[in-house]
Amino acid sequence: MKLEFAENLKKMRRERDMTQEELAEKLSLSVQAISRYETGTTYPDIEMLPVIAGFFGVTVDALLGTSPEVREKRKDEYIERLRMITDRKERLTLLRQQHAEFPECWGVVSDMLYEMTFLPECLEEARMLAEDGVHHCTEILWRENIIMHYLHAESDENRALTFIYKWASKYDMKTASLLRLYYNLHGNTEKEQPLNQKMLSERLTESLWALAKDIDSCEEIICFLDRITKKTDHTEPDLWLNLKWKLYLKLADCAFSDGNDEKGYTVLEELVSLIEKVFSLPDGTVLSHHIGALNLLDAKTKKEVFYQITENRGIVAHSVMLNMCYLSQVAPVDIAADTIRDMEAFEGEVFFAKWVEDCINSPGMRGFRRVKDEKRFQKLRERVFAVSSIENTDNLLFELQRKAKLRGDQRGEFGDWSASLLVHGVGAYPIYDNADAIHSILERMKREGNTRVAVVVASKNGGGLIPMPKILLKELLSLNAENAEADVIITDADESIFTVKMKSYL
């Protein structure tokens, strides 16, 4: 790449009939620097490349003559550098350089606008970026992010309204709305009706939640749900789960705030019992709204593991969740691909007990703050944690065995076993029997500061728990050598589980 850059720089300078001295003066560099660049002896800093490219009116790619592989590597270099910077002005400076080098990367524009929401002095630049982005960006996700971040940054209401009126459409451009329009115009009632029901369900849920302000309003909404569903058992799982948990939390928090602790605990006990029942449901259980007008939205349950992306873009098992997929297809979705989801989740509902746990632990819940140190409250919180967290042994083994089962048919490609390294407060890192992959995962964990391995388990691809593979234990010694600890849960062939220190095991 250095040679290509050197030749390109020399060619572009000569095409402009410039001497090295003249180019050095224009770029505020020394003649010696230009000479070294053109001979390939040295290479410009990453900050200098957009300046040189801008002077010649070309992209950095054209200046470098780079391959797609080199481009991706340079993007990764920017990502790594940005990850190390916390100061917003410094981040914005580096993002500007990245934008100059990769003007087609709308994610960079979105990131720039996000930083500008905290830097009012950059408002004029934000306006120009937003206009250019909305006009040229064809990637829906980044276009929406650009609009959202700009409106957050814009302090002038008249300018914001002008922007909105200019770029808004008289049609609702959401996936579901456009699908409804298409099926309606073509008289496809069979596909239009479930979409109508899904949108009705969402609007009803949003409206009811908007009315929940205090104890009385929460109780009235719960009574309303009882009447329309003809149910009185609040702990029976149904498709009102996502509304109910918010109502019960709000009601309990208000009760604790008013000093009515017994009522608060009664409501919280109902909520925790509901969550426990939900996650004890066998896969394939059918849930309903219990309302005839929403009859097409009955859904089957499936317990799954929720994965999050860590700082260095690694996927880590975080908690368990309940997917409730509608029996009638509500919107086109590739259900064969686990990673593909409709952005608006019109194919079903998702329930996280982790949401409840986060709310209970939230400093914004005034009533819960008052009782957070009471044993009765802590026990209820622990029950929610046990249901949701991947740190719960049962959930960790569920994640591991599910992963091993999915990989069972791919044994030839991926090897014979899988494992998970659990870090407290972070999640479970998936590990496979490839030595290079193991080393790569452990190095990433170190970079993220996650060297305290709390639990290790292993499973054979295709099913069945096994003793810890020695190849993994050997790699774990590198953590132990750096004063990190590693408690190990080892699984025998008979699936009994016991905990030992790694050194005593070796």
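This report describes the overall make-up of a predicted protein model and then several of its local features.

**Overall composition**

The protein has 506 residues, and 45% of them count as buried. Its secondary structure consists of 24 helices and 9 strands. Among contacts with a separation of 6 or more, 61% join residues that lie 24 or more positions apart. The accessible surface amounts to about 26,700 Å², and carbon and sulfur atoms hold 52% of that surface.

**Helix α17 and its cover**

Helix α17 runs over residues 353-360, and its buried residues are A353, K354, V356, E357 and I360. These residues lie on the same side of α17, because they cover an arc of only 155° around the axis. Several elements take part in covering them. Helices α15 (241-257) and α16 (261-279) contribute to this cover, as do strands β3 (315-326) and β4 (348-351). Helices α18 (366-371) and α19 (375-388) are also included.

Strand β3, one of the covering elements, contains S319. Beyond its neighbours within four places in sequence, S319 is in contact with E304, V305, F306, F352, K354, S388 and I390. One of these partners, K354, is itself among the buried residues of α17.

**Three residues and their exposure**

The table sets out three residues from separate elements, with the relative accessibility of each.

| Residue | Element | Relative accessibility |
|---|---|---|
| S319 | strand β3 | 0%, buried |
| C218 | helix α14 | 0%, buried |
| L185 | helix α12 | 64%, exposed |

S319 counts as buried because its relative accessibility is 0%, and buried means under 20%. L185, by contrast, counts as exposed because its value is 64%, where exposed means over 50%.

**The surroundings of C218**

C218 belongs to helix α14, which spans residues 215-229. With residues up to four places away in sequence set aside, C218 touches A212, L247, K250 and L251. L208 stands 10 residues from C218 along the chain, and the C-alpha atoms of the two are separated by 9.1 Å. Residue C218 counts as buried, at 0% relative accessibility.

**A nonpolar patch on the surface**

Which residues form a nonpolar patch on the surface? The patch is made up of Y171, M173, L178, L181 and L185, which together have about 510 Å² of accessible area. L185 is located in helix α12, which covers residues 175-185.

Methods: Residues numbered from 1 in each chain as written. Predicted model: local features only at pLDDT ≥ 70, side-chain atom pairs only at ≥ 80, totals over all residues. Heavy atoms only, no water. Buried < 20%, exposed > 50% of the residue type's maximum accessible area, 1.4 Å probe, protein only. Helix = DSSP H or I, 4+ residues; strand = E, 2+ residues; numbered from the N terminus. Arc of directions from axis to C-beta. Contact = heavy atoms within 4.5 Å. Patch = residues over 30% accessible without salt bridge, like charges linked within 9 Å, V, L, I, M, F, W, Y side chains within 5 Å. Areas by Shrake-Rupley, 256 points an atom, 1.4 Å probe, with all protein chains shown as cover. Salt bridge = Lys/Arg side-chain N within 4 Å of Asp/Glu carboxyl O.
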